[in-house]
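Reader: Could you walk me through this one? I'd like to hear how each label is earned.

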Amino acid sequence: MVLDLKDAESYDTIYIGFPIWWNIPPRIICTFIEAYGFEGKTVIPFATSGGSTIANSEKVLSETYPKINWGKGRLLNRATEASVRDWLGK
Ligand SMILES: Cc1cc2nc3c(=O)[nH]c(=O)nc-3n(C[C@H](O)[C@H](O)[C@H](O)COP(=O)(O)O)c2cc1C
């Protein structure tokens, strides 16, 4: 288990963040997703990068894990607390 996520079942929406490597999420993100499954849950990816957009990562994730309800992802390069709060509506 890469991360002991307590009560994963009790969450309807899960945000997963990662740095983009080779235009896709690092393999450990797949290990994490496969450890929990998240089938039927809404999962929203967010990422940092050196310039790549999140589009290919979203494509790969949604194709690899089609039983997850993938929400629109977000690139958070140079994000501030205010911009993240604005994105989350918090
Ligand atoms: C192995 C590796 C592969 C990377 N591949 C990409 C890439 O394909 N596209 C990109 O824009 N940035 C790429 N990067 C840059 C990382 O996305 C960037 O360093 C990271 O998002 C910044 O987060 P950090 O400040 O935590 O390092 C790569 C970095 C590493 C180490």
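Author: Let's start with the residue classes: Ala, Val, Leu, Ile, Met, Phe, Trp, Tyr, Cys and Pro count as nonpolar, Asp, Glu, Lys and Arg as charged, and the others, Gly among them, as polar. By that split, the shell around the ligand has four nonpolar, six polar and no charged residues. This is a predicted model, where local features need pLDDT of at least 70, side-chain atom pairs count only at pLDDT 80 or more, and totals for chains, interfaces and linings use all residues. Numbering starts from 1 along each chain as its sequence is written.

Reader: What makes a residue one of those around the ligand?

Author: Its C-beta atom, placed from the backbone, has to lie within 6 Å of the molecule. P19, I20, W21, W22, N23, T48, S49, G50, G51 and S52 are the residues around the ligand.

Reader: How do you know that β1 and β2 pair?

Author: Pairing takes at least two bridges found by DSSP. Strands here are DSSP runs of E, at least two residues, and helices runs of H or I, at least four, numbered from the N terminus. β1 (residues 13–19) and β2 (residues 42–48) share seven bridges in the parallel sense, so they pair. T13 stands opposite T42 in β2.

Reader: Why is the chain called as compact as a globular protein of its length?

Author: In order, its elements run β-α-β-α-β-β-α from the N terminus. The radius of gyration (over C-alpha atoms) is compared with the globule rule, 2.2 Å times the number of residues to the power 0.38. The chain has 13 Å, close to the 12 Å that the rule gives for 90 residues, so it is as compact as a globular protein of that length.

Reader: How many of the residues count as buried?

Author: Buried means 20 or more other C-beta atoms, placed from the backbone, within 10 Å of a residue's own. Of the 90 residues, 13% count as buried.

Key: A residue is buried if 20 or more other C-beta atoms lie within 10 Å of its own, exposed if 12 or fewer, and partly exposed in between; C-beta atoms are placed from the backbone.
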